[in-house]
Structures are given as structure tokens and as C-alpha cells.
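Dear colleague,

Please find below the structure that I am handing over to you. My findings follow directly after it.

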Amino acid sequence: MLLSCRWFSIEYWYLDSNQQRIWSFPVSKIVAIVHSGSTNCKKKIHFVLLISRQGKVRLTKWYSPYSQKERTKVIRELSGVILSRGPKLCNFVEWRGYKVVYKRYASLYFCMCIDQDDNELEVLEIIHHYVEILDRYFGSVCELDLIFNFHKAYYILDELLIAGELQESSKKTVARLIAAQDSLVESAKEQASSISNIIAQATK
Amino acid sequence: MASPSLMDTLFQRTLDDIIKGLRHQQAGESAFISKVVEEIRREIKSTDLHTKSIALQKLTYLNSIYFIDMSWAAFHAIECISSPNFSHKKVGYLAISMSFNESTSVILLITNQLRKDLKSNNEFEVSLALDCLSRIGTADLCRDLTPEVFTLLSSSKVFVRKKAIGVVLRVFGKYPDAVRVCFKRLVECLDGTDPQIVSAVVGVFCELASKDPRSYLPLAPEFYRILVDSRNNWVLIKVLKIFAKLAPLEPRLAKRVVEPICEHMRRTGAKSLMFECIRTVVTSFTDYESAVKLSVAKIRDFLVDDDPNLKYLGLHALSIIAPNHLWAVLENKEVVIKSLSDDDPNVKLESLRLVVAMVSESNVVEICRVLVNYSLKSDPEFCNEILGSILSKCCQNVYEIIVDFDWYVSLLGEMSRIPHCQKGEEIENQLIDIGMRVKDVRPELVRVGRDLLIDPALLGNSFLHRILSAAAWVCGEYVEFSRKPVELVEALLQPRTSLLPPSIRTVYIQSAFKILIFCLHSYLLQRENIADDMASEMLGLKSQGECSGSSALVAGKAPARQEQDEGFNPRDSNKSYEDLSIINEGDVSALLEKGFTHESIVNLLNLIELALGPLSGSPDVEVQERSKNVLGFVDLIKQEISNGFVSERASKIIDMVHDAFTEELGPVSVNAQEKVPIPDGLMLKESLADLDAICGNVQLPSSISFSMGSPFGESVGASVSIPQSKEESEPSSESTSLLAEHRKRHGLYYLPSEKNETLANDYPPANDPKSSDNTNDDAQDLVKLADKSLLPKRRSNHAKPRPVVVKLDEGDVVPFIAKKSDTRDDLLSDAVRDILLGVEKPDLGNPSSRRSKHRSHGKEKSRKSPEKKNSDEIGDGEKEKQKSRHRHGRHKTKQRAEGPLNVAAQTPVIPDFLL
């Protein structure tokens with residue numbers, strides 16, 4: 001009863017946002033709906049691609065399930081479309097009912113595939129965001145950095161996006177998190193290398 | 001394979017080495033890779049986790065860049081993540097998130113390790129595990145790890161909490177029961193103060209709401225608060241997306257939200273947020289005039305911006321709003337048309353869509369001219385886009401926007417000649433369709449067809465073959481409008497026609513045959529007329545008092561000739577022809593323009609014989625048969641009219657074949673079926689009573705009356721499933737004429753005595769309404785055209801009863817596309833009807849009114865009718881609703897915010913609340 005009252009007085013809720021929220025939500029309904037939905041959840045970003053101007057793949061990250069075969073095909077198709085586009089054209093390509101947002105930085109094309117009704121400009125910002133973080137991390141990033149540190153590019157992307165959703169919009173935070181993890185890795189590595197040194201010396 | 005030796009461990013190549021190596025290999029890349037993979041296979045078996053993890057890292061690299069299979073290393077990846085060493089773990093998790101999928105068998109082994117890491121004190125280990133779960137989570141994993149995720153949702157570390165929120169999306173998707181556990185906490189996060197958390201939660205709800213917005217209506221107050229308070233653009237964009245989904249469901253909500261959205265639009269400098277506001281308004285708030293105005297103003301800013309992205313998005317937004325607010329497009333006409341010549345194909349395409357959306361009856365000529373001219377200059381792909389959109393726009397609703405068909409037909413001809421044109425099929429369909437529907441345009445159509453046929457260059461372009469086929473058919477069918485039929489035959493039989501595919505050659509041959517018949521027939525008529533003229537002339541002369549005896553003779557002769565039915569003496573008439581031409585040159589010259597001399601006919605026959613002779617041996621049976629038929633006919637006629645003498649038999653044959661061809665082919669109207677009288681003694685309803693129950697849902701009841709429209713049973717099958725009217729009568733006339741022709745052809749050889757009978761029988765009663773239609777046709781045609789443009793399409797298509805509607809251009813014929821959509825509407829409204837049983841019942845007996853109703857649903861996006869329905873629905877009560885819940889849902893999504901809807905929209909929500 002309380003609930004229906006609350007519903008009908010929606011204006012009241014809007015006016016007084018300090019009102020204590022009484023927990024009650026049709027959880028079972030949502031369960032049913034999520035159940036009825038397809039098994040693979042809708043993703044905001046379906047995949048991320050980094051392609052060099054020569055069509056070489058520099059990074060791929062798939063948030064939606066694609067088989068190995070499909071992946072190769074997708075990359076071939078998209079690099080054909082995107083690399084052939086001139087510099088002064090818009091950054092969106094309609095492709096197989098999706099939109100691919102791409103942006104070129106130096107010799108690298110950053111591409112993200114999204115749904116038709118997603119916000120293209122927002123995704124452009126995400127791309128730019130990613131590039132800025134990379135830039136900050138590597139210190140004026142270039143293609144070679146990404147080639148030799150492909151795993152780091154992945155880790156940074158993971159900090160930025162989770163399940164195809166932007167989750168960290170602060171560049172500083174991402175930089176801090178990555179640095180913290182790096183130091184963890186470094187210390188672990190030192191440890192490991194010292195051990196292997198010991199083994200190596202022992203087996204000499 | 002040797003087990004990894006110490007040497008492998010010591011001298012293992014690092015990832016850097018591999019990358020450098022690969023960069024130095026220009027040619028033998030694959031050989032190098034396979035060598036490296038070989039090494040990796042050895043190294044990865046090492047007991048030393050350090051060696052193993054480096055091997056795994058290398059493999060991951062090769063997999064992600066060179067797509068080397070790494071599924072075989074799945075177990076080793078699991079070994080790596082169980083290492084206490086963070087760097088090994090990291091490598092292992094990366095490998096897992098890259099390579100695992102639902103079918104990876106060892107995924108079962110990962111659960112415990114994940115659980116351990118999720119509970120770890122090290123937040124980075126937790127984050128690794130969460131990242132991994134968000135990527136590979138299966139139903140089992142999600143089920144087993146739900147408690148851990150739930151705990152993390154209230155973690156004190158923001159970094160962990162927001163990742164946990166992100167993972168929830170995956171967990172819900174795979175294991176929906178997790179909703180019971182986690183949902184409450186998720187909603188609590190909405191109230192949180194930390195912007196990162198709010199952003200993450202809103203992101204999750206944005207995705208959830210896109211699937212089924214209705215369930216999230218109760219959260220509207222929270223979202224509203226974020227919309228008003230938040231200054232974080234990332235969050236605002238997502239909240240706007242949620243409201244775009246929610247607003248149509250709850251009008252009061254829309255009313256509330258529209259103002260803050262406008263506020264954001266005025267305030268923000270961020271283009272992405274601006275665009276999201278615009279998109280939200282143009283998709284979900286089209287009823288709010290001021291908001292629409294504001295967003296159109298902002299769209300204009302986008303359009304004139306230098307940034308191609310903004311321009312594209314501006315055009316895109318315009319095309320979303322075009323159906324509801326065309327004025328917005330018209331206001332920005334110049335920009336739209338200018339962007340037609342943009343460098344960017346995307347922008348061009350968008351602006352083309354908009355330009356076409358602007359086309360209306362009053363400007364169709366100008367816009368099409370502009371577009372066609374433009375298509376000449378553009379690249380093949382875009383050229384065809386343009387042509388395609390012109391064609392589809394113009395044929396909408398039976399050429400609704402076309403007033404001047406002469407113009408349109410010549411435009412079609414012009415389009416065919418555009419070098420890149422690949423729209424042959426559509427142009428073909430329209431040429432024939434217009435020919436059948438619009439009587440007045442036929443002369444122009446024949447002229448256009450002639451121009452196409454006569455140009456030998458066109459035959460070489462295979463894209464044009466379909467158009468040429470249409471042109472040939474048109475010229476054959478409406479040859480009476482041609483000024484020089486002989487020229488047409490020459491065009492149809494020119495040597496380059498050998499370039500055509502056989503299926504189209506058959507059309508050419510058949511058309512040539514039709515023209516030949518026409519020529520012969522007019523030749524006969526001409527002789528007859530001249531003979532008559534001469535007779536009367538002579539009569540006149542004689543009445544002036546010369547030789548009354550001979551006058552009586554001639555006067556007696558003429559009626560006799562008429563009685564004989566063309567069976568007059570050719571020699572005599574020939575002579576009189578010459579006489580006449582001497583006597584009265586002026587009169588005859590008019591005749592001669594179209595007229596045929598005996599010589600010209602013989603030439604024509606010779607020409608056909610010469611051209612078709614080789615084809616009688618064609619490997620294609622159709623071509624062979626048709627040309628043989630024509631040749632046989634030519635042969636026969638030649639014998640009969642040799643020496644400028646037409647035998648009675650020949651003229652009879654010609655006459656009858658001509659009759660067979662003169663039966664007009666028309667498009668088939670929606671109501672044709674109803675016109676077909678049911679023959680006595682045919683017990684349709686009885687025999688099909690069972691079927692009715694089965695088909696009742698799919699077809700309109702009128703379809704029961706299908707069956708034997710024509711006594712010949714020729715055309716029965718075809719139109720059965722299409723309940724709509726003339727369908728039957730016209731095809732039957734077509735088929736009867738074909739039948740007549742067929743009989744005639746064979747009759748010539750086998751059953752000459754039967755011919756008369758055939759003809760007499762050939763016109764079934766089914767044709768009566770149509771033939772009467774055709775008589776008052778001409779006069780009303782133009783009026784119709786004019787009327788049509790004034791009437792709203794729905795009315796013109798349906799409201800009028802068929803018999804009055806003369807013709808094709810009107811409701812006579814719903815085009816095929818429209819028919820299809822009709823059936824789709826039927827399915828939908830079928831569902832609706834289920835709900836509304838009580839209301840619709842009275843209508844059931846009257847198919848036309850019902851149809852028009854459906855039509856209006858389809859067209860209007862069910863703006864009004866659902867409203868009515870919903871209120872009915874409520875009356876109908878819950879049961880009904882339960883039964884048709886999903887339809888109901890679908891139906892709902894279409895609704896716009898409107899007063900009476902409220903109640904309906906809420907009813908399903910409230911009871912659920914109480915659960």
C-alpha cells in the first residue's frame with residue numbers, strides 16, 4: 001500500500017530528495033526480466049581495436065563473444081573501411097548495424113565498436129581519454145611503446161573499462177593505480193629474478 | 001617433445017626478444033612464429049613459474065596480434081594465477097581473459113582461485129579477479145561467486161567497489177538470481193556520494209534499462225536527482241539514456257524531466273552531453289514543443305560547425321526527428337542540400353535521407369532534378385543510393401506524390417541512361433506498374449520505351465537489361481500509342497539483341513509479335529475504312545447525278561462488305577484505295593502517317609522472318625518456342641496476303657489474335673476478391689469451415705471466398721491468400737487473354753473451327769466490373785490524380801468503394817510493399833484485437849473498415865488508437881492482460897506520453913510492486 005502511494009505521489013519525491021528512501025523494489029520482477037533476456041548481457045562497447053596505418057593490429061580487446069575466425073574477419077573488414085577514409089571525414093563508420101568510432105593518433109587508429117544508439121561523441125572522448133592516459137604513462141606515447149608494452153596497454157584499458165563500460169573517468173586515478181600495480185610487479189619480479197639467480201648460481 | 005631443460009629456463013627469450021625478432025623478420029614471419037610457438041610449448045611446461053609466465057605472456061602476445069591459438073595453454077594460465085607472485089598472476093589473468101570462453105573445459109578449475117583472489121587483502125588482486133570475472137564469467141562462475149561480489153559491493157575501497165559494480169552487469173546477465181542478492185545494495189550505491197561509484201552504478205542501470213525500462217520506473221526519483229544535481233558529464237549522459245527509455249512509459253515523468261534536460265542543453269559546453277540531450281529530446285520528447293525547438297536550434301549549431309563529426313550527428317538527429325517534425329528539416333534545407341556534396345560518404349548518406357524526406361508533391365520535380373543531376377557527378381555507389389531513394393520515395397503509396405506522370409516516366413528513362421545506374425529491377429517494375437495503372441501516361445511511356453529500345457548502345461549494359469525488358473513489354477502492350485510501330489519492331493529485332501539474356505529476349509519476341517498483330521490489324525482496318533470512304537465518296541459523287549446504277553451498286557456493296565466482316569475483296573479495295581488517294585490527297589495523308597501499305601506489311605513480315613529465323617534453333621526453349629510461333633504465324637499470313645490480297649481466313653485470324661491482345665492488363669486491386677461472383681452450387685463456406693478456424697488468425701475472413709473466381713479455374717490459386725479485392729478479376733483477364741492467345745496459336749494449326757467459341761467464352765463475368773470501370777476511366781483519371789494529392793493517403797486507399805474508383809493510380813492497387821506491411825500490421829493488430837475482442841467485434845463483418853483501421857495503426861505509429869485500446873484494456877481486466885503480456889509490452893513501447901495512458905501504464909507496475 002505504501003508503495004502504491006509512493007508511486008502516485010511521484011512529484012512529492014522529486015521535490016523532497018532528502019526523504020528517507022524506503023527500500024522496496026520489485027526484485028523478483030527484475031529477476032524474471034533478466035532471466036528472460038538473452039544470456040549475453042548487452043555491452044556498451046563491443047570491442048576495442050588498435051590498428052596501425054599499415055593495417056597491422058596492435059591491440060585487440062573483445063567484450064562481446066567473437067570466435068577467432070570472426071575476429072580475423074572483423075579486423076580485415078574494418079581496417080579496410082577505416083584506413084581508406086580520408087583525414088577530414090567524420091570519425092564514425094556504420095558497420096553491420098553497429099557504429100565504429102575511430103580516431104587516428106599519429107600512425108595508430110583507435111577503434112571502438114558500439115551500438116547504434118550509443119553516444120558517439122562520448123566514445124570519442126573515451127578514446128581520447130585512453131590515449132591521454134597512455135601518453136601520461138609512457139611519456140609521449142608512440143606506436144613502439146604499445147608494441148613493446150602490449151600487456152601494459154591492456155592493463156590500462158582494463159582500468160578504464162570494465163565489462164565494456166567506462167568505469168574510471170579520472171586520469172590521475174588511473175595513473176596512480178597503474179603505477180601502484182607496476183611497483184607491485186617490479187618488486188615481485190625482483191624477488192623472482194633473485195631466486196632464479198640463486199638457482200642459476202647453484203646449478204653452475 | 002623434450003621436457004624443458006635448464007638451458008631453456010636460462011636462455012629463455014623474453015617478450016621483447018620475440019617482438020624485436022618479429023620486427024626484423026620481413027618475409028618469414030610465419031616461420032619465425034611457429035618456431036617461437038614451439039619454444040613456448042616447451043617452456044610452458046617448466047615447473048618454474050617465472051619461465052612459465054614468460055612463455056604464457058609471449059603466447060598471449062602472439063594470440064592477440066597474430067591470432068595464434070592458445071586454448072591449449074588454458075591449464076597453464078590457471079597455474080600462473082595461482083602463483084603467489086603478483087606479476088605471474090597478472091600475466092595469468094591477462095591470458096585467461098583473452099582466451100577463455102564458455103566452452104573452455106578447465107574453466108571449472110578457476111572458481112576457487114577466483115574466490116580466493118576476490119577475498120584477498122590486496123586490492124589489486126581483487127581487481128584482477130573482478131576484471132577476469134567480468135570478461136569470462138559463466139553461469140556457474142557467476143552463481144558460485146555471487147556472495148563474494150555481493151560482499152565487495154560494500155567494500156570500503158572505492159576502487160574495488162566500482163569494479164564490483166561493473167561486474168554485477170555480467171553476473172546479472174549470466175545468473176539472474178543474483179539480482180535477489182545484489183540489487184538492493186546496487187540501488188543503495190545510487191545514493192552514494194562518491195562520483196565514481198554513482199557513475200559506475202548509473203552505467204549498470206543504463207544497460208539494464210535498455211533491455212526492459214519498465215521495471216526501473218520506480219527508481220526514477222533517484223535518476224531524477226542525479227540528473228538535476230550531477231555535474232559529471234559521463235554520468236549525465238547515461239542518466240539521459242535511461243530517461244530516454246523511461247519517459248515514453250510515464251508521461252508525468254516526461255513532463256518533469258523535460259525541463260532539466262533543456263536546462264542542461266542551455267548550460268553545457270560539452271558536445272557529447274549536448275548531443276545526448278538532443279537525441280533524448282528528438283527520440284522521446286517529441287511532444288514537447290519548446291524542448292524540440294531548443295534542440296533544433298542546437299542541431300543547427302552542430303550543422304554549421306566545422307567539425308565533420310558534429311555535422312554528421314546533427315544530420316543524424318534531424319533524420320530522427322524528420323518523421324514527427326518535418327519543419328526542422330525544412331528549416332535547415334540549405335545545409336542539408338549542401339552536405340549532399342560533402343566529402344564524407346556518411347554525411348552524404350544522411351543528407352540524402354533528409355533530402356528525400358523533404359520531398360513532397362509540390363517539390364518532387366525540382367528535387368528529383370537536382371538529385372539526378374547530382375547523381376551524374378557522384379561515384380557509382382552514391383549514385384545508386386540516390387537513384388534508389390528517388391525510386392522508393394516516388395513509388396510510395398502508389399505514386400502518391402507524383403502528379404505529372406509524363407514527367408516521372410521520362411525521368412525514369414533518364415535514370416536508365418545514367419552510366420552507373422544499377423537499379424534496373426526497380427525501374428523495370430515501376431515502368432510496368434505505371435503502364436498498367438496510369439492510362440494517360442501510356443503515350444509518353446511508349447515514347448520513352450522506344451527511345452530506350454532503339455539505342456543499340458544500351459544493350460551492352462547488363463544492368464539495363466531489366467529496364468529494356470520493361471520497355472519492350474510496354475511498347476508491345478501499348479503499341480497503339482506509337483507513331484511508328486515498324487520502327488519499334490526494327491528496334492526489337494536489331495542484331496545486338498543477341499546480347500540479351502534469353503528470358504528478356506522472349507519478351508522482345510513477344511512484343512514484336514504484338515506489334516506485328518497491331519500492324520496487320522490496322523492495315524486491315526485501314527483498307528476497310530478506305531473502302532468505306534470510297535464508297536461514300538462515290539455515293540456522294542453519284543448523288544450529284546452521274547450514274548445512279550453504279551451508285552446503287554456501290555451502296556449495295558458496302559453494307560454487304562460490313563456484313564461479311566472484313567471479308568471484302570482485297571483487290572477491289574486496293575484499287576479503290578489508289579483511286580481515293582488520287583481523289584482526296586489531304587484526307588489520306590493523315591491516314592498514311594500511321595498507315596500501312598501492302599508493301600510495308602510485307603517488308604515487316606520479311607524483317608521478322610529474317611530476324612527470328614536463326615532463333616528457331618535457339619538452345620533456350622522459351623526463345624525457340626516463341627520465335628517458332630511467330631514464324632509460323634508470319635508464314636501463314638504471308639501465304640494469305642500474297643499479291644496484295646488478304647484472304648478472309650487471314651483477316652479473321654488477325655482479328656482474333658488482335659482481340660486477344662487488346663484485353664487490357666491491369667494491376668490488381670485489394671478488393672478484387674469480393675467482386676468475383678460465386679458460381680451457383682459452389683459450397684465454399686462448408687468445405688472450408690475447418691480451414692477457417694486454422695487460418696482465421698492469419699487471414700481476413702474475406703479470403704474464404706477465394707476459389708473459382710473465373711469459370712476456367714485458371715487464376716484461382718494465386719490470389720488465395722491475399723484477401724484483397726481486384727486481385728482476382730484482373731489476373732483472370734490477363735490469364736484469359738493469354739489463354740486465348742495460346743489457343744489461337746495452337747488453334748491455327750490444330751483446331752481452327754473452335755476459335756470462335758473460345759473467344760466467346762473468354763470473358764468471364766468476373767471481368768464485368770472492371771470493364772465498366774474502364775469506360776469512364778479517361779475522364780476521371782485526371783480528376784483522380786488531382787484529388788489524390790489532396791486526400792490523405794489513408795482515405796484514398798481505402799475509404800472509397802472499389803467500383804467507383806476507376807483505376808490503377810488510385811486505391812485500385814496497393815503496391816506490393818504496402819501489402820506486405822499490411823500483413824505485418826495484421827499480425828500486430830491481431831494481437832491487439834485479441835485484447836480488444838469486445839470492441840472490435842462489430843467490425844468483423846466489414847473488412848474494409850477494419851482494414852482501414854489497421855492501416856492507420858501502421859501509419860500513425862498507433863498514436864491514437866492504442867489510447868483507446870488501453871482504456872478498453874483496463875476495462876477488460878487483468879486476465880486478458882496476463883494472457884497477452886508480451887504483446888502488450890511491445891505495444892506499449894510504441895506509446896507516446898499521453899494523458900489517458902497513465903492509468904494503463906501504471907497498472908502493470910503497481911501489482912508488481914507489492915510482490
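In chain B of this predicted model, residues 24 or more positions apart account for 71% of the contacts with a separation of 6 or more. Chain B contains 53 helices and zero strands. Of its 915 residues, 56% are buried. The area that chain B exposes comes to about 38300 Å², and carbon and sulfur atoms supply 55% of that area.

Two places in chain B may serve as examples. The first is helix 12, which covers residues 195–211 of chain B. Its 17 residues should span 24 Å at 1.5 Å a residue, and the C-alpha atoms at its ends are 25 Å apart, which agrees with that expectation. Because 14 of the 17 residues are buried, helix 12 of chain B is largely enclosed by the rest of the structure. The N-terminal end of helix 12 is capped by B:D194, which has a side-chain oxygen 2.8 Å from the backbone nitrogen of B:Q196.

The second place is B:S339, in the loop that lies between helix 20 (333–338) and helix 21 (345–358) of chain B. The relative accessibility of B:S339 is 1%, so this residue counts as buried, the limit being under 20%. What does B:S339 touch, leaving aside its neighbours within four places in sequence? Its contacts are B:K311, B:L315, B:V347, B:K348 and B:S351. Among these, B:V347, B:K348 and B:S351 have numbers that fall within the range of helix 21 of chain B.

I now turn to chain A and its strands. Strand 1 of chain A (residues 45–52) is mostly covered, since eight of its eight residues are buried. Strand 1 of chain A has antiparallel pairings with two strands: with strand 5 (residues 108–115) over seven bridges, and with strand 2 (residues 57–62) over five bridges. In the pairing with strand 5 of chain A, A:L49 stands opposite A:C111. On the side of strand 2 of chain A, A:I51 has A:V57 as its bridge partner. Strand 1 and strand 2 of chain A form a hairpin with four residues between them, and A:G55 in the turn has a positive phi of about 90°.

Strand 4 of chain A (residues 98–105) also takes part in two antiparallel pairings. Four bridges join it to strand 3 (residues 92–95) of chain A, where A:E94 stands opposite A:K99. The hairpin of strand 3 and strand 4 of chain A has two residues between the strands, and A:R96 takes a positive phi near 50° there. Eight bridges link strand 4 of chain A to strand 5 of chain A, and A:V101 has A:M112 as its bridge partner. These two strands likewise form a hairpin with two residues between them, in which A:A106 in the turn has a positive phi of about 50°. Taken in order, the pairings run from strand 2 to strand 1, from strand 1 to strand 5, from strand 5 to strand 4 and from strand 4 to strand 3 of chain A.

A word on confidence in chain A is also in order. The average pLDDT of chain A is 73, and 73% of the residues score at least 70. Over residues 1–27 of chain A the pLDDT stays under 50, and the model has 53 contacts beyond four places in sequence for this stretch. The pLDDT is also below 50 over residues 30–41 of chain A, a stretch with 26 contacts in the model beyond near neighbours in sequence.

With kind regards

Terms used: Residues are numbered from 1 along each chain as its sequence is written. Chains are lettered from A and ligands numbered from 1 in the order in which they are written. This is a predicted model: local features need pLDDT of at least 70, side-chain atom pairs count only at pLDDT 80 or more; totals for chains, interfaces and linings use all residues. Side-chain values use heavy atoms; hydrogens and water are left out. Buried means under 20% relative accessible area, exposed over 50%, partly exposed in between (1.4 Å probe, protein chains only). Contact means heavy atoms within 4.5 Å. Accessible areas come from the Shrake-Rupley method with a 1.4 Å probe; for residues, only the protein chains shown count as cover. The expected span of a helix is 1.5 Å times one less than its number of residues. A polar contact is a pair of N or O atoms within 3.5 Å; within protein, one must be able to donate a hydrogen and the other to accept it, and residues adjacent in sequence count only if both atoms are side-chain atoms. Two strands pair if DSSP finds at least two bridges between them. pLDDT is the predictor's confidence in each residue, from 0 to 100.
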